[in-house]
Amino acid sequence: MSATYQVTDGVAVISLANPPVNGLGQGTRAGIVDGLAQANADAAVKAVVIIGSGKVFCGGADIKEFGSPKAFAAPDLHVTIAAVEQSAKPVVAAIHGVAMGGGLELALGCHYRVVAKGTQIALPEVNIGIVPGAGGTQRLPRVLGVETALQMITTGASVPADKLAAAPGQKLFNQLVDGDLLPAAIAFAQSVADARPLPSVRDLSVAAPADADAFAKARAELAKTRKNLEAPQRCVDCVEAATKLDLDAGIAYERDVFAKLVTSDQARALRHAFFGERAASKIPDVPDTTPLRDVKSVAVIGAGTMGGGITMCFLNAGIPVKLLEMKQEAIDRGVGVIRKNYEAQVAKGKLSQDKYEQRMALLTTTLSYEDIAQADMVIEAVFEDMDVKAQVFTQLDAVMKPGAILASNTSTLDVDKIAEVTKRPGDVIGLHFFSPANVMRLLEVVRSKHTAKDVMATVMAVAKKIKKVAVVSGVCDGFIGNRMFEQYVRQGFFLVEEGATVQQVDKAAEAFGWAMGPFRVGDLAGNDIGFAIRKRRKVEQPDVIYSPVGDAICELGRFGQKVGKGWYDYEVGKREPVPSAEVQACIDKVRADKGVTPRAISDDEIVQRLVLAMVNEGAKILEEGIASKASDIDMVYLTGYGFPVYRGGPMLYADMLGLPKVVELMKGFAANPNGDPAFWTPAPLLAQLASQGKGFTG
Ligand code: NAI
């Protein structure tokens, strides 16, 4: 039983005891139901308090039970809440820390609610592709009104209880407690012990929203802000139902919507992302108990695009940074960009002037390596050139204090080789931030064969502090993200060579849910980067085949938005892509030179080739141990590359398609003599899992 029972001064206290967040697992639910029965049977008990032990009231469903029959085992949450609601003696929820999801629904079933100051309240179910399933969509509008409830339920956002308690007309909280919660809750329970009839949220009516079009407007808005997502729309349906149906009918409606959503592909994908994020921080051979190194100060080398963004990540987390450059002008430029970024946030009201000044006060600059010697961690973000990096790491090796972590932000160079420049290779690691580094959530942690385990563990903890989703990658060309993205872009080139237009490929990718198609991404990032990589590859890996279209447009100087032309034309000062006659003529010429007769290519084929090219590479990445699990690959794509979150990432997408189907599609692509037929041989791991009826993600 994950709840305790104790009687104090005529009040039974049921204390939820299921660490870390008192999740409403079967044991906790049973503890509540049994406690209520005991309290109601005991003449000495006049009232009941339900409180959470530890730091929070209740975080909602027990995630350990997710996907298992235990989640719905008796007594389920509906039965538990009904037991609370039907208790003959008053039940007071005493809420502190957090009341989320099922935890808030449980509290809403109680007759009274007292809340500690500073508590956070939320119904976050929408974020995992479902609606609240135990009356939340019906009861919350009854206590907070339609507008507030709709906002909370459709966004899943946490709201401070203090703010809700202060709202005029709110019926969620009976008392806001500043101080010790339990004695206050017991005193409150005693004060209402004899009051009858017992109040119930079920007896409250829901006023229709002031704006008659509120629901239509909410749906339209969510179609834009939570594009293609099903759950937010269904949340609106449920809240609307609350305005039309009595509580029991509304709950039945909500239950039906919940049942449909919980088994949907979107909910599966969002659950995968939820658990994938937690799993990413676990490294199979680095135990949680690994001692961490202290990281209280950081040095960043290079104040360019990446160095500036990386510096901001640490300043934002309250960690002092010393920024090192070669020349004062470079420092001034870099610090100027950081200031401008913060000032833009202040102007938009996203950052207070005080916080801006506090952050800038944590930043110091230097031209001398001696000045950074005492930093606990140093991150290099200088030019992408092995000789330059080698010089930097040689200097770091000479000056840094023993135990300092030496990290490189390289996007393509061999971290093993960088480590070998030093006499302390175990302290060296790759930290591949994504641009803009202060915004993007992904951090690829590149583990060299030399990296010490405590350095891995420390870096994962630091990543959490700076609010990054850290995913571990082994050393290989492109690491996880860019190595797979390369295959995606390569297919894009083949597709236009064979007959698709640039616009068709981008539109099909965007309809699939990517934020931008491959050609628009190329124009944004700069086509010259890939051009340079292909040149290098022609020497290092001459058997990698590319369609010549990519190089052909670069030879015309079409490097992308920064020069006003790339795969598209751009009007001066505008980012709107305009189809380019010159690009089409260039593609026509490649076709003519290669003797390719263009054919009509369906949007379906475009999407499958783009995504499955990544999947095949992803399978190789898993096989080689570059990624330790498929969900890590998916996290890279969800947090760093704009892969649609409701599809769960490329590896889950393949699993949902079914790996035998994936293999069959690849066979079809291999039969196409254009492009790179050999590439479509399924990776051995993919073939093996498909034949065993298994998936990548388990
Ligand atoms: P950048 O050219 O904007 O900045 C490089 C800065 O390093 C310049 O300010 C330069 O003065 C400074 N620098 C060069 N040599 C130095 C030295 N020996 N000592 C001190 N400072 C020195 O380049 P960017 O884009 O910031 O890239 C930096 C690193 O980050 C590269 O390794 C790049 O591959 C990697 N990276 C870049 C991404 C991007 O989107 N730009 C994404 C992820 C990684």
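Trainee: What separation do the end C-alpha atoms of residues 478–570 have, and what percentages of the span are helix and strand?

Mentor: The model is predicted: local features need pLDDT of at least 70, side-chain atom pairs count only at pLDDT 80 or more, and totals for chains, interfaces and linings use all residues. Residues are numbered from 1 along each chain as its sequence is written. Helices (H or I, at least four residues) and strands (E, at least two) are DSSP runs numbered from the N terminus. In residues 478–570, helix accounts for 65% and strand for 2%, with the end C-alpha atoms 29 Å apart.

Trainee: Which UniProt annotation covers residues 478–570?

Mentor: UniProt annotations may be inferred rather than shown by experiment; positions follow the numbering used here, and feature names are shortened. An unreviewed UniProt entry gives "domain: 3-hydroxyacyl-CoA dehydrogenase C-terminal" for residues 478–570 and 606–694. Residues 606–694 are 64% helix and 0% strand, and their end C-alpha atoms lie 26 Å apart. The unreviewed entry also lists "domain: 3-hydroxyacyl-CoA dehydrogenase NAD binding" at residues 297–473, a span with 42% helix and 20% strand.

Trainee: At what angle do helices α24 and α28 pack?

Mentor: Two packed helices are described by the angle between their axes and the distance between the axes. Axes are lines fitted to C-alpha atoms, for helices over the stretch in contact, and angles run from 0 to 180 degrees between N-to-C directions. Helix α24 (residues 603–623) meets helix α28 (residues 684–691) at about 95°, with the axes 7 Å apart. Helix α24 is therefore roughly perpendicular to α28 (65 to 115 degrees; under 35 is roughly parallel, over 145 roughly antiparallel, the rest oblique).

Trainee: Which residues make the contact?

Mentor: Contact requires C-beta atoms, placed from the backbone, within 7 Å. Helix α24 contributes Asn616, Ala619, Leu622 and Glu623, and α28 contributes Pro684, Leu685 and Leu686.

Trainee: Which residues are closest to the ligand?

Mentor: A residue is near a molecule or strand if its C-beta atom, placed from the backbone, lies within 6 Å of it. Of the 24 residues surrounding the ligand, the closest are Gly302, Gly304, Met306, Glu384 and Ser435. At least two shell residues come from each of α12 (305–316), α15 (386–399) and β15 (428–433), and α12 gives the most, with three.

Trainee: Where is the cis peptide bond of proline 75 placed?

Mentor: Proline 75 lies in the loop between β3 (47–52) and α2 (77–85). The cis bond joins alanine 74 to proline 75, with omega about -5°. Another joins arginine 196 to proline 197, with omega about 0°; proline 197 sits in the loop between α7 (181–191) and α8 (214–225).

Terms used. Contact = placed C-beta atoms within 7 Å.
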